[in-house]
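Here's a quick briefing to read with the model open beside you. Have a look at the fold first, then work through the points below.

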Amino acid sequence: MRPTIARVALPVPLDKQFDYLIPNGCFPVIGARVSVPFGRQTLVGIITALSAKSELQSHQLKPLKAVLDDSPLWPTPLYELLQWCARFYHYPLGETLHGALPSALRKGKPADFSTLREWQLTEAGRNQLMAGFDKRAVKQAKVMHLLANGALPHQMLLEHDISSSVLNALSDKGWIEAQDKKAAPCDWAATPEDLENGDDKLKINAEQAVAIATVNAKPEFGCYLLEGVTGSGKTEVYLNLLTPILAKGRQALILVPEIGLTPQTINRFTRRFNVPVTVIHSGLNDTERLNAWLSARDNAAGIVIGTRSALLTPFANLGIIIVDEEHDSSYKQQDSLRYHARDVAVMRANKENIPIVLGSATPALETLHNAQTGKYHHLHLTARAGNARPTTNRVLDIKGLYLEGGLSAPLIAEMRRHLTAGNQVMLFLNRRGFSPALMCHECGWIAECKRCDAYYTFHQHSSEMRCHHCGSQYPIIHQCQGCGSTQLVTVGVGTEQLELQLASLFPEYPSIRIDRDSTRRKGSLEQALGAIRQGQYKILIGTQMLAKGHHFPDVTLVALLDVDGSLYSSDFRAQERLAQLFIQVAGRAGRASKPGEVILQTHHPEHTLLQALLTKGYDDFARGALMERKIAQLPPFSFLTLIRAEANHSDSAEQFLRQVRATLEANPLFDNSCLVLGPTPAPLAKRAGKFRWQLLLQSQSRSTLQKLLASAKPAIELLPQANKVRWGLDIEPQDLS
Ligand code: ADP
Ligand code: ZN
Ligand code: ZN
């Protein structure tokens, strides 16, 4: 029987789908977009089912407005993966599907390259540009000037507030002409020469050979952890793994952390292989993003390199997934669909039945555990390939020492030694701004954000007080708001202050600061890194931004100025993160002729995990840390779900979570493997005017937890307080704040 009803997933925060009548002469398919009336709006949704009947009477149903695709948007394995994501992360299917699309498709634009029309000046147009324009034709003149430097996509002109009619008028005058880029470079294919033209191809070492052979031995699903310090040749392994995949005409997906997507990374792939490479990151505009999405789906790209969101790109014929720096926290999305791209990548490889390689110098403890229990294959690269040598590491006990802008005297002396020898020094401090608080010297009053449970950070450079949690800012105050005194003093040291201190301690050595404030402008990070590599700066100051993905061969001393906060943090992952940061920065420094040294300033030199890390390395540290996790029954030895609630009144959020707790405990699936903690105020108890509470749910069994949540969620949604608070589930949270 011909289906008369289409079930549609819409981008609305409801765990349900909506039925619409299929008009005559309309033949929708599952996985295609449709536009539908919804209340007073028109929304773009995805058809998830076709049926001959609905629970509603047909006179209660509205018809589809239009069917936007004549075939499904996603290949089946990816469509199934997205449905799995919605179930696993307990997030509405409509919003999950919607969120996985480039925004042009969300807005209902056609899913083909036809939108890639470009406009350019004609000969006559160029002459006219010289001659000038009628004063009244402002828009026309604007177009002509925009095009003066070369062709621009139609979409981009529309984004410049130029309408199609203006373009058509100019085209009628013969001043501009359109070029349709519809004939996209479809269906790439590589000849053996295309895959062998790498001028930088190296002779692989024995460990690399084992890693490559192990992954290549099995073209079907398998998950491989490739553990190797920075510079051990992981990227070289990835490149070698791609060769046979590309030779078979299959595509490769390479995920990198946000900060790791540098031109150097992309270059290594484009230099090695003569196949089309598509890059996907958050800085693409709508058209570029759609283009990238299509080039992967329609087989115009052989290699896709991208950050987290690239994972949900459709591929014509995906052959391998590589997740570089798999431990990086930027792989976890922190809003809407709170997915972990590494975990979902493993599930994707499974559904596509292809190998996946997780590479890291410092694997996440979850990943190591999976390798140790045999779920993942563990591959090692132990030697630094090329010519780098391991660093020497030590802790510097700063108990009782005077700190000048965060620097102890022994560290300053050590810096001077390295600088005098003509080398570079790198200092890490994970606190941007001048100082994390401003206090009254007479009464102790501290400038606090009114909307958050947090102090204002003092930014001297921009003469502002800024809240790092809600973004609010105002000009620096000069008077205490408690007693009126003008004796205001800064408390604690941030990167700005450190920079100032260094300028007075080492006036002869130029320094540069790399943090989110100093690199706000597009391209400024790249520029700064280039200047560092050329030796323009001798002292490098940075937050962990500086730790990732860059190698500085002339840096011979690295110091972490303040690690105590991480040793005794309430976040059980803080030590793991510190260990990862430490190994990362150690990997940045030195080469054979210039061995590197790493120094950690701490008040707790005896700390066991710190000692294990420094003297025996990450693996030893990880073994100890996993033991502690096991004893405390923390992940990966249990599974967590964080239920967050925020409201204008603290009571509402707390009460709601009390009701959630009662609902969970009353559920028949709640058994003695489950534990609920809370409700407690979140570590940041107030943010942007909202009070924040949380409830932590823990179980040894992932499937018990999943079933419990699925069963309890509808009841939670119906709780009397549910519509007074903003709440959400974070499955396997990375950040507990
Ligand atoms: P990782 O990705 O683990 O940091 P890379 O693959 O970038 O390591 O390798 C680090 C450096 O060592 C690079 O300059 C690379 O060209 C070089 N290298 C990698 N493998 C080899 C090898 N087998 N022989 C010589 N040099 C190598
Ligand atoms: Zn604030
Ligand atoms: Zn005061």
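What follows is a walk through the domains, the ligand site and a few individual residues.

Keep in mind that this is a predicted model. The chain is split by the domain assignment into five pieces, domain 1 to domain 5, and ligand 1 has a shell of 16 residues around it. On the annotation side, an unreviewed UniProt entry supplies a "binding site" feature and a "Helicase ATP-binding" domain.

**Domain layout**

- Starting from the N-terminal end, the assignment gives domain 1 at 5–107, domain 2 at 115–182 and domain 3 at 203–381.
- Domain 4 comes in two segments, 392–434 and 492–629, and domain 5 covers 639–731.
- If you want a feel for the spread, the C-alpha centres of domain 2 and domain 4 are 52 Å apart.
- The "Helicase ATP-binding" domain annotation, from the unreviewed UniProt entry, runs over residues 215–381.
- That stretch, 215–381, is 35% helix and 23% strand, and its end C-alpha atoms sit 14 Å from each other.

**Around ligand 1**

- Which residues come nearest to ligand 1? Out of the 16 around it, they are K203, Q208, G231, T235 and R268.
- K203 uses its backbone here: one of its backbone N or O atoms is 2.8 Å from a nitrogen atom of ligand 1.
- Q208 uses its side chain instead, with an N or O atom there lying 2.8 Å from a nitrogen atom of the ligand.
- On the oxygen side, a polar backbone atom of K234 is 2.8 Å from an oxygen atom of ligand 1.
- Taken alone, ligand 1 exposes 560 Å², and the protein buries 71% of that.
- Helix 10 (residues 234–247) gives the largest share of the shell, with 3 residues.
- Sorted by class, the shell holds 8 polar, 4 nonpolar and 4 charged residues.

**The cysteine cluster and strand 22**

- The unreviewed UniProt entry puts its "binding site" feature at C449, C452, C467 and C470.
- These positions are spread over 22 residues of sequence, yet they cluster in space, with a largest C-alpha distance of 8.7 Å.
- C467 is in the loop that links strand 22 (464–466) to strand 23 (473–475).
- Is C467 buried or exposed? C467 is buried, because its relative accessible area is 3%, against a cut-off of under 20%.
- R466 belongs to strand 22 and is buried too, at a relative accessible area of 15%.
- What does the side chain of R466 make a polar contact with? The partner is the side chain of D517, at 3.2 Å.

**Two more spots to check**

- T391 is found in the loop between strand 15 (377–381) and strand 16 (392–397).
- With a relative accessible area of 15%, T391 counts as buried.
- The side chain of T391 also makes a polar contact of 2.9 Å with the side chain of N393.
- Over in strand 6 (residues 117–121) you'll find L121, which is buried at 6% relative accessibility.
- How far apart are L121 and L170 in space, C-alpha to C-alpha? The distance is 9.7 Å, although 49 residues separate L121 and L170 in sequence.

Technical notes:
Residues are numbered from 1 along each chain as its sequence is written. Chains are lettered from A and ligands numbered from 1 in the order in which they are written. This is a predicted model: local features need pLDDT of at least 70, side-chain atom pairs count only at pLDDT 80 or more; totals for chains, interfaces and linings use all residues. Side-chain values use heavy atoms; hydrogens and water are left out. A residue is near a molecule or strand if one of its heavy atoms lies within 4 Å of it. A polar contact is a pair of N or O atoms within 3.5 Å; within protein, one must be able to donate a hydrogen and the other to accept it, and residues adjacent in sequence count only if both atoms are side-chain atoms. Accessible areas come from the Shrake-Rupley method with a 1.4 Å probe; for residues, only the protein chains shown count as cover. Helices (H or I, at least four residues) and strands (E, at least two) are DSSP runs, numbered from the N terminus. Ala, Val, Leu, Ile, Met, Phe, Trp, Tyr, Cys and Pro count as nonpolar, Asp, Glu, Lys and Arg as charged, and the others, Gly among them, as polar. Domain bounds come from an automatic or database domain assignment. UniProt positions are given in the numbering used here, feature names are shortened, and annotations may be inferred rather than shown by experiment. Buried means under 20% relative accessible area, exposed over 50%, partly exposed in between (1.4 Å probe, protein chains only).
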